[in-house]
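The report that follows goes from the protein as a whole to the ligand site and then to one loop residue. The sequence and the structure are shown first.

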Amino acid sequence: MRAAVLTRFGAPLAVHEVPDPRAGGGEVVVEVLATLVAPYAEEVFSGRRNYPLELPVIPGPGGVGRVVHAGRDATRLRAGDLVWCDSTVRSRDDALTPDITLLGWSSRGEGGARLARHLHDGAFAARMRVPTENVHPLPARAEDDPARWAALTVYVIAYGGLKAGGLEAGETLLVSGATGNLGSAAVAVALAMGAGRVIAPGRNRAALDLLTGRFGPRVRPVVLSGDEDTDRKAMSEAAEGPVDMVIDLLPPAAPTSAVRAAAMTVREFGRVVLMGGVGMLDGAALALPYPWLMRNSVTVRGQWMYPREANLGLIRLIASGALDLAPERVRPFPLDAVNEAVTYAAAHGGPFTRTVLTP
Ligand SMILES: NC(=O)c1ccc[n+]([C@@H]2O[C@H](COP(=O)([O-])OP(=O)(O)OC[C@H]3O[C@@H](n4cnc5c(N)ncnc54)[C@H](OP(=O)(O)O)[C@@H]3O)[C@@H](O)[C@H]2O)c1
C-alpha cells in the first residue's frame, strides 16, 4: 500500500509503498477514507513539539474508514462497514492506569512507548491497523462525505473534556481558547449538549464574530487585553451570573496568566478542566491560589483525550443533528500532496476549518 512516512524530524514526509498491515487477534484493518491534518502537525513533524515518536512512522491520529478485515474476536464488525477509528490506544493489561499511545502521533511514558512499538502507525496511509475496541460504526450518511466526518478527531477531544467536567444542560461554560481549533469545537459541542451560555474569550475579533454569527446570543464573546485582572473581570461580567465550568484549551504558546484569568472566573463548587498544551514546552508552571481553591471548593482536573464511550456519544450528537457538521470548511488533499496539506493546515487553523487527507 501507499503511505506517507516521517523518516526524520524536519524532513518532508515521503510517500511510497510499504507492506500492507495485517490484523492480529483483537485488531482490525481499515481502508482509510479520510483523516484530519492538525494545524500543529508541522510542529510535530519538525520536532518542535518534542512528541516521542519513534521513526520511521506513518503519522496521523485516527480517521474515517472502511473495514477490510476484522480479527476473529470481533462479534459485530464486518468487512465493508463504515467506521470511525479512534487513535487513543490503551494497554489491556492494567485496568486502573493503562498505558496510552495515540496511533502515529504521541504516547505517554515508557509504557506508552512500548505500546507504540506494537501499534506504531497512523492514518496517513491507504490502510491502517487499529485495536478492535477503537473502531466505531458510523451512520450510513457519513458515506456521502467522509472528509467532513474526519472532524470527529477534534470534536471528540472537546467532548471528552466537557464530559470530564460534567457539563450539564443550561449551565454556563467558559472556553479558554475559544477561537482555536479545539476551543471552537468545544463551543459547538457544549451548545449541542445544551449549555445555556458559553463565554468565548479571544484576541481575534474576526474569529469571535464567526462564533457569534454561527451560534447567536448563547455565545458571549470577550476581547482579551492580555492583562490578567482586566481579562478576568471582563469574562466574569460577560457571564452575567455564575460560571459553572471552565475548560482550558490554550496551546503551549499561551502564558499561564491567560489560563489563570479564565480558571478563576469559576463559581464556588465550580469545575475547571485543563486540556491545552500550556507548559508542555518547558513553560512556567500554573499557579493557582491555595486559599481560593480551598475556600471556594473548586475542582481542577486535567484530561488527556477521552474515554472510549465518548466516541459513541459524539457520533450520536452528530447523527441526531444536535451537532451540525454542515458549516465545516473542509479542504481535502490526496495522499501524494501530504506535505502541501501540512503547510495548508498550519496556515488555516481557524474555527471549523479542516484540512483532510483522503488516501
Ligand atoms: N488534552 C488533550 O487531549 C489534547 C489533545 C489535543 C491537543 N491538545 C492541546 O490543545 C492545544 C490547543 O490546540 P488547538 O489546535 O486548538 O490550538 P490553536 O488552534 O492554535 O489555539 C489557539 C487558541 O489559543 C489562543 N492563544 C494563543 N496564544 C495565546 C496567548 N498568548 N494568549 C491568549 N490566548 C492565546 C488563540 O486565541 P487568539 O484567537 O486570540 O489568537 C486561540 O484561541 C494544543 O496545543 C495541544 O497541546 C490537548
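## Surface and burial

The accessible surface of the protein comes to about 15400 Å², and 52% of that area belongs to carbon and sulfur atoms. These values, like those that follow, are computed from a predicted model. Of the 359 residues of the protein, 53% count as buried, a class that takes in residues with under 20% relative accessible area.

## Overall fold

The protein contains 11 helices and 18 strands. Its radius of gyration is 20 Å, close to the 21 Å that the globule rule gives for 359 residues, so the protein is as compact as a globular protein of that length. Measured out along the principal axes, the C-alpha trace spans about 55 × 40 × 40 Å.

As for how the chain is connected in space, among contacts between residues at least 6 apart in sequence, 73% join residues that are at least 24 apart.

## The ligand site

The ligand is surrounded by 23 residues, and the closest of them are Thr179, Leu182, Arg203, Met275 and Met305. Sorted by class, this shell consists of 12 nonpolar, nine polar and two charged residues.

Both backbone and side-chain atoms of the protein take part in the polar approaches to the ligand, as three residues show. An oxygen atom of the ligand is 2.7 Å from a polar backbone atom of Met305, a residue that is also listed among the closest to the ligand. A nitrogen atom of the ligand lies 3.0 Å from a backbone N or O atom of Gln303, whereas in the case of Arg49 it is an N or O atom of the side chain that lies 3.1 Å from an oxygen atom of the ligand. Taken alone, the ligand exposes 940 Å², and the protein buries 83% of that area.

## A buried glutamate in a loop

Glu328 lies in the loop between helix H10, which covers residues 309–319, and strand E17, which covers residues 329–333. Although Glu328 is in a loop, its relative accessible area is 4%, and because the cut-off for a buried residue is under 20%, Glu328 counts as buried.

What does Glu328 touch, if residues up to four places away in sequence are not counted? The residues in question are Arg148, Ala151, Tyr155, Arg214, Phe352 and Arg354. With one of them, Tyr155, the contact is also polar, since a distance of 2.4 Å joins the side chains of Glu328 and Tyr155.

Conventions:
Residues numbered from 1 in each chain as written. Predicted model: local features only at pLDDT ≥ 70, side-chain atom pairs only at ≥ 80, totals over all residues. Heavy atoms only, no water. Near = heavy atom within 4 Å. Polar contact = N/O pair within 3.5 Å; in protein donor to acceptor, adjacent residues only side chain to side chain. Areas by Shrake-Rupley, 256 points an atom, 1.4 Å probe, with all protein chains shown as cover. Nonpolar A, V, L, I, M, F, W, Y, C, P; charged D, E, K, R; others polar. Helix = DSSP H or I, 4+ residues; strand = E, 2+ residues; numbered from the N terminus. Rg over C-alpha atoms; globule rule 2.2 N^0.38 Å. Buried < 20%, exposed > 50% of the residue type's maximum accessible area, 1.4 Å probe, protein only. Contact = heavy atoms within 4.5 Å.
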